[in-house]
Every structure is written in C-alpha cells, then in structure tokens.
Amino acid sequence: MRNDTIMVIGTGQMGAGIAQVCAQAGYNVYLNDVSAEQIQKGMKRISGQLMRQAEKGKMSQQDVKEIYQRLSPAPHLEDAREAFLIVEAAVENMDVKKEIFKRLDGITEDLAILASNTSSLSITELASVTNKPEHVIGMHFMNPVPVMQLIEVIKGLETSEETYQTVVAVAKKLNKVPIEVHDFPGFISNRILMPMINEAVFALYEGVADKESIDSIMKLGMNHPMGPLALADLIGLDTCLFIMETLHQGFGDDKYRPCPLLKQYVNAGRLGKKSGRGFYTYGNN
C-alpha cells in the first residue's frame with residue numbers, strides 16, 4: 001500500500017472527474033472499470049478536460065502531460081492493493097456496490113480506506129459486508145467534479161475518527177471543502193435538492209406552468225444558476241427517480257413520493273442530456 005496512490009472504481013462522468021482532481025492534486029491514480037474499453041473512455045474524457053483547461057490558459061501543456069502521466073489503467077480490482085484510498089464511483093445500486101466492497105475487503109490491506117461516492121445509499125449498510133467497517137466512509141463529490149467545491153463526507157455507524165480525518169485531509173488537498181453529514185437517506189444535498197426537483201415535475205404534471213416558466217421562475221426569482229427541470233436533465237432523470245425512491249423507502253414518508261410524470265419519462269427512455277431527450281431535447285444524440 002502506497003500513501004500517494006488512489007484507486008477510482010468507475011470511469012463515467014463522476015469517476016473520471018474524481019480521478020482528474022486526484023491526479024491534479026499530485027496523487028498517482030489507478031482507474032478501474034468493468035472493461036478496458038470503459039477505462040479508455042474515461043482516460044479520453046479526462047484528457048479532453050485537461051486539454052480544454054490548457055486551451056483556456058488555466059494550465060500549461062507541461063501540466064497536462066504531468067497530470068495525465070499520473071493516471072494508470074487498472075483493469076484488475078487486485079490493483080487496489082497499491083492504494084491507501086479506494087473511491088468507488090460505480091452505478092448507484094446497493095447490490096453492485098456491496099459486491100465491489102466485498103471484493104475490496106479481501107484484496108486491500110487493513111488500513112486501506114474504502115470510500116463510496118454514493119449520493120443517497122447507506123454507508124453503514126455498505127460497510128456491513130466488510131470486515132473493517134471502521135475504514136468505510138462516504139465521499140459524495142458534486143457534478144462536475146473539477147468545478148464544484150463540496151464533498152459531503154458521510155460517516156457510517158462504525159467509521160473511525162482516523163478514517164474521517166484522513167479523508168478530510170485528502171479532500172482539502174484536492175482543493176475541496178469537506179462537510180460532515182450523518183448517514184441518513186440522501187444525506188443533506190439530495191434530501192433537499194431532489195424533493196425540489198420532484199415538486200417542479202409535479203408542477204409541470206399538474207399544468208401549473210410550462211417547463212420554461214418553471215425553470216425561469218427559479219432562476220430569476222431564486223437566483224438559481226439552472227432551473228430544476230434543466231438540472232434534472234443534467235443529473236439524469238433515472239438518477240433523480242432512484243434517489244426519490246430511496247428517500248421514499250428510507251423515510252416511509254409520502255412527501256418523497258416520486259411524481260408519476262418522472263416515472264413515465266424514465267420508462268420512455270427520456271433520461272435527460274445523456275439520452276438526448278428529457279424535459280428538453282438535446283442535439284448530442
């Protein structure tokens with residue numbers, strides 16, 4: 001185990017962003033995913049982001065080269081043995097995450113920290129499948145990771161203070177602001193954000209106003225940089241639905257009931273920007 005090495009599991013938008021900021025902070029970063037093709041897509045995504053920063057004059061070509069050299073494809077989960085911190089950024093599914101954590105528990109050294117970038121799932125439950133729950137913690141990065149300052153740091157029931165302090169130090173080295181929250185469904189960010197988005201969908205569903213009006217009211221009246229429906233498209237309507245279902249199930253309170261229109265859009269494959277159509281239509285597909 002090396003204290004200068006981090007593994008990121010999952011190389012989608014969030015995982016690639018996490019890997020990028022870790023490499024920019026000077027860490028050696030291993031990228032793992034379900035296939036070599038997915039890892040290469042993640043590497044390409046990071047390269048593109050770095051080049052755009054160079055084109056804007058925010059870093060030199062030499063900086064780009066040095067940062068990119070700190071990134072290493074790691075097709076085998078066993079490469080996690082080299083890392084002092086493993087950040088899981090796989091699909092938001094408890095069964096998938098538990099399987100990853102079970103495998104990591106048998107691979108990594110006792111002092112290695114296992115962190116999840118989950119946006120809503122229980123850290124305590126994830127830790128329960130390991131033999132070292134004191135080393136399991138939540139690190140919820142915000143999207144887009146290179147831009148957003150916040151990391152929600154979530155302690156599970158048995159997360160040690162040493163694990164927490166190590167993760168806080170890493171977050172600060174990444175030039176992020178770590179804020180501790182307790183292990184409740186949705187934590188703080190999504191417990192507040194997702195019901196707002198869901199209520200905006202209800203307003204559209206009930207015909208209170210059209211989508212442009214709803215978003216404009218929140219931008220112009222509440223000074224939000226994006227309207228809630230456009231933000232839902234950016235996040236992914238399937239992700240929004242999953243988090244609302246997690247909140248509904250976790251709290252047993254109907255104020256978290258997902259809007260039927262949100263379910264309908266997801267069932268129709270209208271997932272937002274990533275599918276080319278959500279509440280709005282996009283030209284990327």
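# Pocket, domains and loops

About 310 Å³ of space lies in the second largest pocket. That volume is the space filled by probe spheres set on grid points, with points joined across faces, edges and corners. A pocket here is an open set of points on a 1 Å grid over the protein atoms alone, where a 1.4 Å probe fits, with protein on both sides within 12 Å along at least five of seven lines; lining residues have an atom within 4 Å of a point.

Before going on, keep in mind that this is a predicted model, where local features need pLDDT of at least 70, side-chain atom pairs count only at pLDDT 80 or more, and totals for chains, interfaces and linings use all residues. Residues are numbered from 1 along each chain as its sequence is written, and side-chain values use heavy atoms, leaving out hydrogens and water.

## Around the pocket

Which residues lie nearest the centre of the second largest pocket? They are Gln20, Gln49, Pro144, Pro146 and Val147, out of 17 lining residues. Two elements give two or more residues to this lining: helix H1 (13–24) and helix H2 (36–55). H1 gives the most, with six residues. Helices (H or I, at least four residues) and strands (E, at least two) are DSSP runs, numbered from the N terminus.

Is H1 mostly covered or mostly open? Mostly covered: nine of its 12 residues are buried. Buried means under 20% relative accessible area, exposed means over 50%, and partly exposed is in between (1.4 Å probe, protein chains only). If you want to find the buried ones in the structure, look for Gly15, Ala16, Gly17, Ile18, Ala19, Gln20, Val21, Cys22 and Ala23. So Gln20 turns up twice in this story: as a buried residue of H1 and as one of the residues nearest the pocket centre. Just past the end of H1 you meet Gly26, with a positive phi of about 105 degrees.

Now pick out Pro144, another of the residues nearest the pocket centre. Pro144 sits in the loop between S6 and strand S7 (150–155). What kind of peptide bond joins Asn143 and Pro144? The bond is cis, with omega at about 0 degrees. Follow the chain back a little and you reach Phe141, which belongs to strand S6 (residues 136–141). Phe141 is 27 residues from Leu114 along the chain, and their C-alpha atoms are separated by 15 Å.

## Two domains from the record

UniProt, in an unreviewed entry, lists "domain: 3-hydroxyacyl-CoA dehydrogenase NAD binding" for residues 6–183. That span is 41% helix and 22% strand, and its end C-alpha atoms lie 24 Å apart. For residues 186–282, UniProt (again an unreviewed entry) gives "domain: 3-hydroxyacyl-CoA dehydrogenase C-terminal". Here the chain is 62% helix and 0% strand, with 28 Å between the end C-alpha atoms. UniProt positions are in the numbering used here, feature names are shortened, and annotations may be inferred rather than shown by experiment.

## Cysteines

How many disulfides does the structure hold? Zero. For the count, a disulfide is a pair of cysteine sulfur atoms within 2.5 Å. Take Cys240: the nearest cysteine sulfur belongs to Cys259, and it is 12 Å away. Seen from the other end, Cys259 has the sulfur of Cys240 as its nearest, at 12 Å, and is in no disulfide either.

## Loops, a helix end and exposure

Next, have a look at two asparagines. Asn175 has a positive phi of about 65 degrees although it is not a glycine. You'll find Asn175 in the loop between helix H6 (161–173) and strand S8 (177–181). Asn223 also has a positive phi, near 65 degrees, in a residue other than glycine. Its place is in the loop between helix H8 (211–222) and helix H9 (228–235).

Gln69 belongs to helix H3 (residues 61–69). Between the C-alpha atoms of Gln69 and Asn28 there are 8.5 Å, though these two residues are 41 residues apart along the chain.

Here is how some of the residues you've met compare in exposure.

| Residue | State | Relative accessible area |
|---|---|---|
| Cys240 | buried | 1% |
| Cys259 | buried | 0% |
| Phe141 | buried | 2% |
| Gln69 | exposed | 57% |
| Asn175 | exposed | 66% |
| Asn223 | exposed | 68% |
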